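Me: I would like a close look at one part of this protein, with the terms explained as they come up. Please start with the whole and then narrow down to that part.

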Amino acid sequence: MSRGHLVLEHAIDQLKKGSQYRRDPDEDLDDLCDSIRRVGVLNPPAVTEDYVIITGNRRVAAMERIGMRVTPIWVVPGVSDKLSYVLAIRDEQTLHKALKPLEQAELYEELKGLYAEDAERRDAATRFGAEDREQHINSSSAEDGGADSAPPRKNVNDGKARVQAARAVTGRDSRTMLEQINQLKHIAADDTEDPYVRQHAAEALLEINEDRKVNGRYQAVKTRQHLAHLTRAAEHPDTPEAARSAAVAELRGLSGIDSPAETMKESGLALARVREIQKAATNETSLGWKDVDPLLREKHAIRKLVDLLRREHGWWDRYDPAEFGKYADDEQWDLVTTYITSASSFLDQAQAARDTAQGQGSEVPEESVDAADE
């Protein structure tokens, strides 16, 4: 480091580990440990004035592994704000060992927010209290129409922040690739998504981390996501008839498209159209429905349950019970056991209530029978 001062001995256990974007900081330390044993620490770790590690996490890990208690350190002033700190970590973790795509995307996401916040602070500093400058901007805008055509400040800062963050992480304007990776991460973690879509997104992320090929996999996952939402709209019992018919027609129209990029685009547009129809139809029928149907609450609860089961249906065929028996930990085993036993108890109670209702001569609604059979 070109700034700061050297401390020859500082207790390793008093150093603080900061943000980590690398998933495997402690891997492949054997050679580093051997080097430190032979020649010592040639490049001391750099820390903030609060002793938070900026560079040298792997060196500190290696020293801890071989039992060292003290290390020389560089104390670097002026790295107190979050942006400076994250950029310093970026230098350490990108210049010495290339980050994997998922690690790059995580670092990009944080830097993007920090760059945008930094730009907002600088904008605020020039706006507030700068009356002459504000008058100049207003008069210039009135003459050339610039204010009418300019996008909002926040959007400008966000766009610039994306470019800055991408260049900081990869050295080029790779924001599209990094945004796609983060979208895939969001899909894979979203419990409301179709299980097949989530699984496809998770598998795509694992493959991307190995070969760095993003766009084709992103298109495939987004297409599957759009089709899953369209299929749900076409099959869900709560979907208004107009939206249901539109979803069926849109799915039929998408079947002849060959290009992956075109399929992603058109399926997204189709989903947007169906949602507009669904929104309009829902607004038309929402008023007064509870008065017309006194069992609306019960029917809605049953539909929600059946929809949940439909999304998860067949999970027992998609996973290998032998592997689960061998490798599941105690918490995972208890979760599945509770799921099975509680579901069995639920069904026994539901069957008893069904038998009682039928014995009293009350008919089970046809709609409920159909839903249960699914």
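Reply: Two residues are in contact when heavy atoms of theirs lie within 4.5 Å. Among contacts between residues at least 6 apart in sequence, 74% join residues at least 24 apart. This is a predicted model, in which local features need pLDDT of at least 70 and side-chain atom pairs count only at pLDDT 80 or more, while totals for chains, interfaces and linings use all residues. Residues are numbered from 1 along each chain as its sequence is written, and side-chain values use heavy atoms, with hydrogens and water left out.

The protein has 18 helices and 4 strands; these are DSSP runs numbered from the N terminus, helices being H or I of at least four residues and strands E of at least two. Of its 374 residues, 30% are buried, meaning under 20% relative accessible area, where exposed is over 50% and partly exposed is in between (1.4 Å probe, protein chains only).

The part to examine is the pair formed by helix 9 (195-211) and helix 10 (215-235). Their axes are 10 Å apart and the packing angle is about 175°. Axes are lines fitted to C-alpha atoms, for helices over the stretch in contact, and angles run from 0 to 180 degrees between N-to-C directions. Helix 9 is therefore roughly antiparallel to helix 10, the term for angles over 145 degrees.

On the helix 9 side, the residues that meet helix 10 include Tyr 196, His 200, Ala 204 and Ile 208. Among their partners in helix 10 are Arg 217, Val 221, Arg 224 and Ala 228. The residues of this contact divide into 8 nonpolar, 2 polar and 4 charged. Here Ala, Val, Leu, Ile, Met, Phe, Trp, Tyr, Cys and Pro count as nonpolar, Asp, Glu, Lys and Arg as charged, and the others, Gly among them, as polar.

Arg 212 lies in the loop between helix 9 and helix 10. Its phi is positive, about 65°, although Arg 212 is not a glycine. Most residues other than glycine have a negative phi. At 40% relative accessibility, Arg 212 is partly exposed.

Both helices also supply at least two residues each to the largest nonpolar core, which has 27 residues. Such a core is a set of buried Ala, Val, Leu, Ile, Met, Phe, Trp, Tyr and Cys residues joined through side-chain atoms within 4.5 Å. Val 221 is one of the residues that touch the most other members, and Val 221 is also in the contact with helix 9.

Notes:
Parallel < 35°, antiparallel > 145°, perpendicular 65-115°, else oblique.
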